Amino acid sequence: FLESCSYEIGRTFFPTVGHCETLLEGIDPGDSELCLMARPDRYDIKTLEPCSGKIKTLRFAFYGKDVAGAIECVKIAKGLGYKVYLNPINVTNYSLDDFKQVLEVCVDAGAHGISIVDTFGSLDANSFREYLAVISDTLNPNQEIGLHLHENLSSSFPFIQDALVDESINNDIIIDASLLGMGRIPGNLPVELVAAYLNRDFSKNYEV
């Protein structure tokens with residue numbers, strides 16, 4: 001996380017991109033994109049330095065009340081050379097109409113991608129498909145759809161499978177996952193499950 005704080009060794013909250021990049025010295029990211037997350041209500045975007053190192057991508061996670069701050073973050077970060085994504089926190093806090101309105105603002109700001117963030121893992125199958133249809137219909141074809149799902153109802157893996165076989169979606173999809181599903185209890189989508197699925201059904205070559 002980027003956050004307005006004092007850096008402490010052993011923590012993953014950084015006051016600047018440069019503080020994080022000191023940990024990456026000697027590491028070749030290869031084809032990977034390294035990314036930091038920030039929240040507009042916890043980070044002073046005016047302190048962001050120009051993109052010049054290994055971290056070229058930023059995500060801004062925000063609550064509905066902070067959408068204006070998130071859009072300001074997008075404009076400043078893009079102007080400094082970063083690729084920028086947006087994560088509207090807790091999608092189930094939004095009605096479908098409200099979600100569409102927030103998405104439209106994010107699209108106009110020029111975010112590279114926008115996510116469905118099911119913070120408390122409370123989406124059921126029908127609701128997931130409804131939010132997925134809204135984001136697919138609202139984003140421009142060159143903007144990526146992110147899927148950030150939690151495991152409260154043990155639904156993250158089947159939801160991902162639904163999304164990847166949905167022929168109405170023309171956007172690229174970013175799947176958030178973590179080793180063994182590590183994350184806020186009871187966890188996130190396990191990366192080894194989705195990697196094996198992508199190998200089997202989508203001709204990928206992840207080393208599970």
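# Helix crossings, loops and odd backbone spots

Me: In this predicted model, H2 passes H3 with a right-handed crossing. What makes that crossing of H2 and H3 right-handed?

Reply: The call comes down to the sense of turn: a crossing is right-handed if the near helix is turned clockwise from the far one by less than a right angle. H2 passing H3 falls on that side of the rule.

Me: And why is H2 called roughly parallel to H3?

Reply: Take the angle first. H2 (residues 67-79) and H3 (residues 96-109) pack at about 15°, and their axes are 10 Å apart. Anything under 35 degrees counts as roughly parallel, so H2 gets that label relative to H3.

Me: Which residues of H2 and H3 make the contact?

Reply: H2 brings Val67, Ile71, Val74 and Lys78, while H3 brings Val102, Val105, Cys106 and Ala109. Sort the residues of this contact by class and you get seven nonpolar, no polar and one charged. Lys is on the charged list, and Val, Ile, Cys and Ala are on the nonpolar one.

Me: Now H3 and H4. What makes H3 roughly parallel to H4?

Reply: The axes of H3 and H4 (residues 125-138) cross at roughly 30° and come within 10 Å. The cut-off is 35 degrees, so H3 counts as roughly parallel to H4. This crossing of H3 and H4 is right-handed.

Me: Which residues in H3 meet which in H4?

Reply: On the H3 side they are Leu96, Phe99, Lys100, Leu103, Glu104 and Val107; on the H4 side, Glu130, Tyr131, Val134, Ile135 and Thr138. The split for this contact is seven nonpolar, one polar and three charged. Tyr goes in with the nonpolar residues under this scheme, whereas Lys and Glu are charged.

Me: How do you know that H5 and H6 are roughly parallel to each other?

Reply: Same style of test. The axes of H5 and H6 (residues 191-202) cross at roughly 30° and come within 11 Å. With under 35 degrees as the rule, H5 and H6 are therefore roughly parallel. H5 passes H6 in a right-handed crossing. Phe157, Ile160, Gln161 and Leu164 of H5 are in contact with Leu193, Val194, Tyr197, Leu198 and Phe202 of H6. By class, this contact holds eight nonpolar residues, one polar and no charged.

Me: On to the loops. Why is asparagine 171 counted as buried?

Reply: Its relative accessibility is 8%, and buried means under 20%, so asparagine 171 qualifies. Asparagine 171 lies in the loop between H5 (156-164) and strand E6 (173-175).

Me: Which backbone oxygen lies 2.8 Å from a polar atom of the side chain of asparagine 171?

Reply: Two fit that description: the backbone oxygen of asparagine 140 lies 2.8 Å away from such an atom, and the backbone oxygen of glutamine 143 is also at 2.8 Å from one. Beyond its neighbours within four places in sequence, asparagine 171 is in contact with Ser136, Leu139, Asn140, Pro141, Gln143 and Ile145.

Me: What about histidine 150: what makes it buried?

Reply: Histidine 150 comes out at 8% relative accessibility; that is under the 20% limit, so buried is the word. You'll find histidine 150 in the loop between E5 and H5.

Me: And what makes the pair of histidine 150 and asparagine 188 a polar contact?

Reply: The two side chains come to 3.4 Å, and the limit for the N or O pair is within 3.5 Å. Setting sequence neighbours within four places aside, the contacts of histidine 150 include Asp118, Thr119, Arg184 and Asn188.

Me: Serine 154 now. Why does it count as exposed?

Reply: Serine 154 has 54% relative accessibility, and exposed means over 50%, so it passes. Serine 154 lies in the loop between strand E5 (144-149) and H5.

Me: What is unusual about the phi of serine 154?

Reply: Most residues other than glycine have a negative phi. Serine 154 has a positive phi of about 55° although it is not a glycine. Leucine 180 also has a positive phi, of about 60°, and is not a glycine either. Leucine 180 is in the loop between E6 and H6 and, at 71% relative accessibility, counts as exposed.

Me: Last one: what is the peptide bond from isoleucine 185 to proline 186 called?

Reply: Cis, with omega near 10°. Most peptide bonds are trans. Proline 186 is in the loop between E6 and H6.

Key. Residues numbered from 1 in each chain as written. Predicted model: local features only at pLDDT ≥ 70, side-chain atom pairs only at ≥ 80, totals over all residues. Heavy atoms only, no water. Axes fitted to C-alpha atoms, helices over the stretch in contact; angles between N-to-C directions. Helix = DSSP H or I, 4+ residues; strand = E, 2+ residues; numbered from the N terminus. Parallel < 35°, antiparallel > 145°, perpendicular 65-115°, else oblique. Contact = heavy atoms within 4.5 Å. Buried < 20%, exposed > 50% of the residue type's maximum accessible area, 1.4 Å probe, protein only. Polar contact = N/O pair within 3.5 Å; in protein donor to acceptor, adjacent residues only side chain to side chain.
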